[in-house]
Amino acid sequence: MKHLILIRHGQSLWNLENRFTGWTDVELSDKGREEARDAGRKLLEAGIKPDFCFTSYLRRAIHTLQIVAATLERDWVPVVKDWHLNERHYGALQGLNKSETANKFGEKQVHEWRRGFDERPPLLSRDDERFPGNDERYSRLTDDELPLSESLHDTIERVRCCWEEKIVPALNYNDEVMVVAHGNSLRALLMMLCHLNQTEIQEVELPTGTPLVIEVDDRINVVRKYYL
């Protein structure tokens, strides 16, 4: 039996401030770092030791992975950083307080932006300082790859590339693979792995810093899944 371990990064500073974060590169809070250490301890107690790891280009996920790996004394394990595992891009909402945004646009509209399958938040303009094309780490992406905003559907299609081309081959070769990423990119993985429909995936909410262990067989079919 193989294990795929999914961990949403620990609490970030903007999680703490209730802001839309998306691709904004925000650091972990003190609580987030402790959540990462606790995740490592839980994996250690369960006897789960990742052989290969994946994370996004965003430091809240990268630093969570580093803390978990250090706690497990698995700092030497190979890590692939892939922008396809970034959080969903929240467009012009990034940086805004969620409660204040709900007061301005209405709770129903904000709920659709957050939980709708095909609904995109308001788009950024390309001259906005938040546009990812201004960030060196995305300098090799094409105009089509640089998002101005994303729906959950967009995020799933983006993550699919990493899942099929990198994570599945890693699972075929290794027994324990860990992915430390973000709420929506991990929901995208779960939708593909567990064959969830649009309604089912909208009900999925992953807690920060809590390992979700998915046992799969040699054909990457889910046998069972559970939180530690």
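These are my notebook entries on a predicted model.

**Entry: the sheet**

I began with the strands. I found six of them in an open sheet, with mixed pairing. I wrote down their order as β3-β2-β4-β1-β5-β6. Next I looked up the edges. There I found β3 (79-81) and β6 (222-227). Each has a single partner strand, so one side of each is left without a neighbour in the sheet. I also noted the turn between neighbouring strands, which is 15 degrees on average, direction ignored.

**Entry: β2 and β3**

I then followed strand β2, residues 52-55. It runs parallel to β3, and three bridges join the two. I looked for a facing pair here. Phe 54 stands opposite Val 80 in β3.

**Entry: a helix across the strands**

I turned to helix α3, residues 59-72. This helix lies across β1 (2-8), β2, β3 and β4 (176-181). I noted its angle to β4 as about 140 degrees.

**Entry: helix α5**

Which residues of α5 (107-115) are buried? I listed Val 110, Trp 113 and Arg 115. I then checked what the buried residues of α5 pack against. The partners are α4 (98-105), α7 (183-194) and α8 (198-202).

**Entry: Thr 21**

Last, I looked up one loop residue. Thr 21 sits in the loop between α1 (13-16) and α2 (30-46). Is Thr 21 buried or exposed? Its relative accessibility is 8%, and buried means under 20%, so Thr 21 counts as buried. I left aside its neighbours within four places in sequence and listed its contacts: Trp 14, Val 26, Arg 60 and Gln 94.

Definitions and conventions:
Residues are numbered from 1 along each chain as its sequence is written. This is a predicted model: local features need pLDDT of at least 70, side-chain atom pairs count only at pLDDT 80 or more; totals for chains, interfaces and linings use all residues. Side-chain values use heavy atoms; hydrogens and water are left out. Buried means under 20% relative accessible area, exposed over 50%, partly exposed in between (1.4 Å probe, protein chains only). Helices (H or I, at least four residues) and strands (E, at least two) are DSSP runs, numbered from the N terminus. Contact means heavy atoms within 4.5 Å. Two strands pair if DSSP finds at least two bridges between them. Axes are lines fitted to C-alpha atoms, for helices over the stretch in contact, and angles run from 0 to 180 degrees between N-to-C directions.
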